[in-house]
Each structure stands twice: as structure tokens, then as C-alpha cells.
Amino acid sequence: MSDTFIIGCHLSFSKGFCAMGADAVSIGATAIQFFTRNPRGGVAKAIDADDVAAYNELAAANGIITLLAHASYTLNLCSGDKRIRKFAEETMADDLLRMELTPHQLYNFHPGSHVGQGIEAGIELISGALNRILTPEQTTTVLLETMSGKGSEIGGKFEELRDIIDRTEQNEKLGVCLDTCHVYDAGYDVVNDLDGVLAEFDRVIGIRRLRAIHINDSKNPFGSHKDRHEKIGMGNLGVEALARIINHPLLRSLPFLLETPNELPGYAEEIALLKKLRK
Ligand code: FE
Ligand code: FE
Ligand code: ZN
């Protein structure tokens, strides 16, 4: 098959959209992930409209198809502390306003950690916040990321993501990003039973919700609930399992983003490797 392989990695946004696009082109990426702001959640820098316009041109000219903005991983919509929840909600609403400068793209976030209040209370807080954040006008699809289930993290089970989606009124704006390291650590065996995991995803959430893949190997064993990413082929998933994932008929048209411990040259190598493994 010679369909488009949408493959890329996490890149630095510190020099703006255009520099990030140039980095993507230099490593053969057709997809980009970036943090919308400092992971510690600080103020996002002012958007430079010229930079965005130049990026949109560069992306079109170089076949960059997918832009996936990742919310600061420290944001927590289901914290026990009301101020932390409010900060997360305001930050995400601001991120989504900015996303409209690069319309029809993806915005991924970690559902959050309930820190002792229980999963049910956490799910209620997350969907409550999404009901206030999502707007009918937005063109961005917001993705819930599958998590490893470490600590009190929500999203380590497909059922938890489904419950968030079910309780969100504007849920036509919601999708899911499947992280291969996270689901493996959570106890979904994408190495020995990929078809079974995808059937389970379809039964619980609906495969049409799946909009992006974080393609990572894992430092830890199956079901460890740890969440430590490893370079492609150096961890417990291994290169054959990851090759089956990028070629699976239900997955192959999705964007694949690497979040492996690499700088640009390492990412260039992994993108080249995955391109070679693509059938
Ligand atoms: Fe993530
Ligand atoms: Fe991820
Ligand atoms: Zn992770």
C-alpha cells in the first residue's frame, strides 16, 4: 500500500511555529506535537500572527498534515483543590482559542489525577469542565489520552474515558489519543493481542473516536502502571509489535507521534526506521 504515512514526533515550540515546522521538515516528519506552553503551566507567549501564517504555508508546501498540541501535563481538571481545577480549565480554554489560528487540528490532554476523591468524582469534575470549555464553534478536536493508571490517574481504563465522553454534551468535539507505552503499562496487551485490544477499544469507546497514536516503547513490563517511555525497539514492546501497530488496517491512516527519549537526530533515525517498516 502507498497511502500517506503521517509520522512525526514531539518538537520544541520555544522558537515559534515556523522554527518548529522547519525542524519537522529537517527530520522527514509529516506530523508535529508540541506543548502549548511551559509544562509547569506558565503564561503562553503571545501568538505572532505572521509566524502562524508562515507556518501554515510551510506546512502545506512540505506535506505536514497533523499538528497535535499537547496541554501541559501538570494541568489537572479533577484536582481536589478548586484553584488548581480553575487554573486548568482557564488554561485549556485559552489554548483552544489559540488553536483556532491553526484550525481543524488536534489538542491532547491527560484526563487528570483524582488525588483521593475517587474515580467517579474525578470523572464528574472532568466532564463538568469540558462542558464549560468546549464550544460549538471550535474546529479543534480535543483528545483524551489513554494513561498508564499510575497513582490516582484517570484514563488507565477505556471505560473511564468512555464515561467522560458520555457525560460531555459537546462530545462530537472529543476523541482519544492512544499512547502505546501507556496502554501496555495499563495492562492492554498490544504486543500479543493487538486485535483484541482494538476490539475492546471499539466495544467500549468506539473506534471512530480514535484520532491519534503516541508511538512509544516502554521501559517497564506489561501491566506495571509506570509510564516511562523508551526508544523504539529498546523496550518491552519491541520493534515488531510497533511495526504491527503502524501497519494495522484500523490504525494506519491515523497520525503517529513519537514521544521517545530523543533529541532531533534520534527522532530523525526513528522516523526513518518506522518509514522503512511501513508496508
Ligand atoms: Fe501525554
Ligand atoms: Fe503520550
Ligand atoms: Zn507518558
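This is a short talk on the metal sites, cysteines and nonpolar cores of one structure, which is a predicted model.

I'll begin with the metals. The iron ion, ligand 1, takes its protein donors from His70 (NE2), His110 (NE2) and Glu145 (OE), and these lie 2.1 to 2.3 Å from it. Along the chain the spacing of those donor residues is H-x39-H-x34-E. Histidine 70 sits in strand 3, residues 66-70, while histidine 110 is in the loop between strand 4 (106-109) and strand 5 (112-113), so the two tie together parts that are 40 residues apart in sequence. As for burial, histidine 70 has a relative accessible area of 3% and is buried. Histidine 110, at 19%, also counts as buried, because the cut-off is under 20%.

Next, the other iron. Which residues coordinate the iron ion, ligand 2? They are Glu145 (OE), Asp179 (OD), His214 (ND1) and Glu259 (OE), at 2.0 to 2.2 Å. Their spacing in sequence reads E-x33-D-x34-H-x44-E. Aspartate 179 belongs to strand 8 and histidine 214 to strand 9, residues 210-214, so this pair joins parts of the chain 35 residues apart. Both aspartate 179 and histidine 214 are buried.

Why is the arrangement around ligand 2 irregular? The four donor atoms subtend angles of 83 to 173°. A tetrahedral label needs all angles between 85 and 135 degrees, so that range does not qualify as tetrahedral. For reference, the ideal angle for four tetrahedral donors is 109.5 degrees.

You will have noticed glutamate 145 in both lists. Glutamate 145 bridges the iron ion (ligand 2) and the iron ion (ligand 1), and the two ions lie 3.3 Å apart.

Now the zinc ion, ligand 3. Its protein donors are His182 (NE2), Asp227 (OD) and His229 (NE2), at 1.9 to 2.3 Å. The sequence spacing here is H-x44-D-x1-H. Histidine 182, in helix 6 (residues 180-186), and aspartate 227, in the loop between strand 10 (217-218) and strand 11 (229-230), are 45 residues apart and link distant parts of the chain. Histidine 182 and aspartate 227 are both buried. The zinc ion (ligand 3) is 5.3 Å from the iron ion (ligand 1).

On to the nonpolar residues. The largest nonpolar core has 73 residues, and those touching the most other members are Phe109, Ile213, Ile215, Ile245 and Phe256. Apart from that core lies another of eight residues, including Ala31, Leu68, Leu143 and Leu257. Taking isoleucine 215 from the largest core, and leaving aside neighbours within four places in sequence, its contacts include Ile245, Phe256, Leu257 and Glu259. Glu259 is also one of the residues coordinating the iron ion, ligand 2.

A word on the cysteines. How many disulfides does a search of the whole structure find? Zero. For cysteine 18, the nearest cysteine sulfur is that of cysteine 9, 17 Å away. Cysteine 18 counts as partly exposed, at 24% relative accessibility. The sulfur of cysteine 78 is 18 Å from its closest counterpart, in cysteine 177, which is too far for a bond. Cysteine 78 is buried, with a relative accessible area of 0%.

Last, threonine 168. This residue is placed in the loop between helix 5 (158-166) and strand 8 (174-179). At 2% relative accessibility, threonine 168 counts as buried. Beyond neighbours within four places in sequence, threonine 168 is in contact with Ser127, Leu130, Asn131, Leu134 and Leu174.

How values were computed: Residues are numbered from 1 along each chain as its sequence is written. Chains are lettered from A and ligands numbered from 1 in the order in which they are written. This is a predicted model: local features need pLDDT of at least 70, side-chain atom pairs count only at pLDDT 80 or more; totals for chains, interfaces and linings use all residues. Side-chain values use heavy atoms; hydrogens and water are left out. Helices (H or I, at least four residues) and strands (E, at least two) are DSSP runs, numbered from the N terminus. Buried means under 20% relative accessible area, exposed over 50%, partly exposed in between (1.4 Å probe, protein chains only). Contact means heavy atoms within 4.5 Å. A disulfide is a pair of cysteine sulfur atoms within 2.5 Å. Donors are N, O and S atoms within 2.8 Å of the metal (3.2 Å for Na, K and Ca); water is not among the atoms, so sites may look incomplete. Four donors count as tetrahedral if all angles lie between 85 and 135 degrees; four count as square planar and six as octahedral if opposite donors are over 155 degrees apart and all others between 65 and 115; anything else is irregular. A nonpolar core is a set of buried Ala, Val, Leu, Ile, Met, Phe, Trp, Tyr and Cys residues joined through side-chain atoms within 4.5 Å.
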